[in-house]
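Me: Hi! I have a structure open and would like to chat about its aromatic residues. Could you take a look with me?

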Amino acid sequence: MIRYLLVRLLGALPTLLAIVTISFFLIRFAPGGPFDQARALPADVVANLNAAYGLDRPLWQQYTTYLRHLAHGDFGPSFRYKDFSVTELIREGFPVSATLGAIAIAIALVVGVGVGVVAALHRGRWIDHATIGLSVVAIAVPSFVLLPALGLLFGIELHWLPVAGWDPTSIRDYVLPVVTLCLPPLAYIARLTRASMIEVMRSAYVRTAFAKGLPLRTIVLKHALRPALIPVASYLAPAVAMTMTGSLVVETIAGLPGIGRYLVQGALNRDYTLVLGMVIVYSTLLISMGLVVDVLIAALDPRVRLEA
Amino acid sequence: MNAPAAESAPHAAGIWRDALRRLRRSRAALAAVTAITLLVALALLGPHLNPNRYDSIDWSCIAMPPGLEHAHWWGTDPLGRDLFVRTLLGTRISLAVGLLATLVSLFVGIVYGAVAGYAGGSVDHLMMRVIEILSGLPLIFFVILLTVVFGRSEYLLFAAIGAIGWLTMARIVRGQAMAIREREFVEAAAAAGASPVRILFRHVVPNVIGPVVVYATLTVPQIILFESFLSFLGLGIQEPQASLGTLIASGASEMESAPWMLLIPSAVLAILLISFHVLGDALRDALDVGDL
């Protein structure tokens, strides 16, 4: 197990290096630079700035310098957020984004699996139809429609919840962003669970369990749920990706101090180091989620063995 | 040479006839098809029914609520531009992006998946590794980077978004191709001397069409959503052009003073996306292709 994890983590390093390399050269080929402003700076000022940030040296030298600093855990200085290093920006923003994302995925998992199981056990009844119908709506309504609409309803009309603003100690501030983030993955998980649960409940060993006279609760919880969760486990990595994408919008609209807004802003501002830092954080997260998924599936499915 | 194709042809036609019959019986699918047809017709014809242009400014009607007593049936924005025309042109752009990007991802996914599944062995192993690595990447960020690098050309946007969508399609097609490879009619075609390329495109690809159609129907709304998402972030369609995403973005910022600016394009987008999802689900049941 430990050997497997080590091999997988080592195997992820070349992938990460490839991602960093592609992103580094991609963003550098974009027209414009980090010091472009509405009123152009004098040429010698730009030259001095370029020299200060090392942008005047050949591109491959900048690339190797960046990699060397990266190996020491240094993401470099941000070009736009003066006086901040990218490491500092990530250290401040990441906990906010990670908390929001983790809560959203946890809720999506628990509620989604629960709803999916209930719908599967009542197949063809109204609760099943309601689950299918509502899940289509939840998947189809984009977060940038949902969050303003929820804000309009619960914030401006009913005055129940704050529309924007952020106080990390107040639970009320979490409600709308978390609800917006968790609904699409929740709907997908509910549909996946429903489909695989219906499949499992038809299988021979579940029929045997019924024939033995076991109560429904025991059959569902002890025999059926575990194999039914396998597709849900493999959906976890896309769910994390989906939540990341959602957080770009949710953090922008709700004005949260997370890292979601940095990627788009960084790309638009040609804040090279900030963009690369964000790409590295998100890629690492996604790659490790892939590993978590494989371990989870091996734990759920006795036919799967982890082999390095 | 044509014998194997002839053998599978009546069978295939039977599947499609059955599917069509089952589809017609589903009221949800009929409603979805009707809604999509109406929206497409409205998007194509609607702008010509109204005297306003998408970028013309009517100084006498700034932020006018919807109504039939004036020429701006769905109201205007704070710049005095007609929302009926803008929303329908936005729908047109969103639909075009959705369809074109889906076609790109279909083409790449089918070719890649069919080759991997039919070749099998180490070729398949290598090609699947590539997909595994690609699906581990945060592709949204690459699209964001690409839109920055290539500027805001709409056609590059289609291509970039389509380049994301093909991974799942390739996986589905590969799975199907692996199963079909073992069937007798493929063996018969090989025995009759058909080349691998001919077998691939004459016998394997036509037989994976079922799941492909279902998945394509589900890809269109995903891409429309993705395009509107990019436009919302200011990376997609640029002013004075409009897509549903940019209209919703500007509507969200005027939500207290002019709620119709948010409600109308949101409703159109929601109807469009829900209809495609419902149609995809109904097709999946009608063609009985299982879960994708």
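Me: Which residues form one aromatic cluster with Phe24(A)?
Reply: Phe25(A), Tyr63(A) and Tyr66(A) join Phe24(A) in one aromatic cluster. Keep in mind that this is a predicted model.

Me: How many aromatic pairs are there over all chains?
Reply: The count comes to eight over all chains. One of them is the pair of Phe24(A) and Phe25(A), which is edge-to-face, with 80° between the planes and 5.2 Å centre to centre.

Me: And is Phe24(A) buried or exposed?
Reply: Phe24(A) is buried, at a relative accessible area of 4%. Phe25(A) is partly exposed, and its value is 24%.

Me: What about Phe25(A) and Tyr63(A), how are the planes set?
Reply: That pair is tilted: the planes are 45° apart, and the centres are 5.1 Å apart.

Me: Which parts does that pair tie together?
Reply: Phe25(A) lies in helix H1 (residues 2–28) of chain A and Tyr63(A) lies in helix H3 (residues 59–71) of chain A, so the pair links parts that are 38 residues apart in sequence.

Me: Is Tyr63(A) buried or exposed, then?
Reply: Tyr63(A) counts as buried, because its relative accessibility is 14% and the cut-off for buried is under 20%.

Me: Changing topic to charges: where does the charged end of Arg28(A) sit?
Reply: The charged end of Arg28(A) sits over the ring of Tyr272(A), at 4.4 Å from the ring's centre.

How values were computed. Residues numbered from 1 in each chain as written. Chains lettered and ligands numbered in written order. Predicted model: local features only at pLDDT ≥ 70, side-chain atom pairs only at ≥ 80, totals over all residues. Heavy atoms only, no water. Phe/Tyr/Trp six-rings, centres within 6.5 Å; stacked < 30°, edge-to-face > 60°. Buried < 20%, exposed > 50% of the residue type's maximum accessible area, 1.4 Å probe, protein only. Helix = DSSP H or I, 4+ residues; strand = E, 2+ residues; numbered from the N terminus. Lys NZ or Arg CZ within 6 Å of the ring centre and 35° of its normal.
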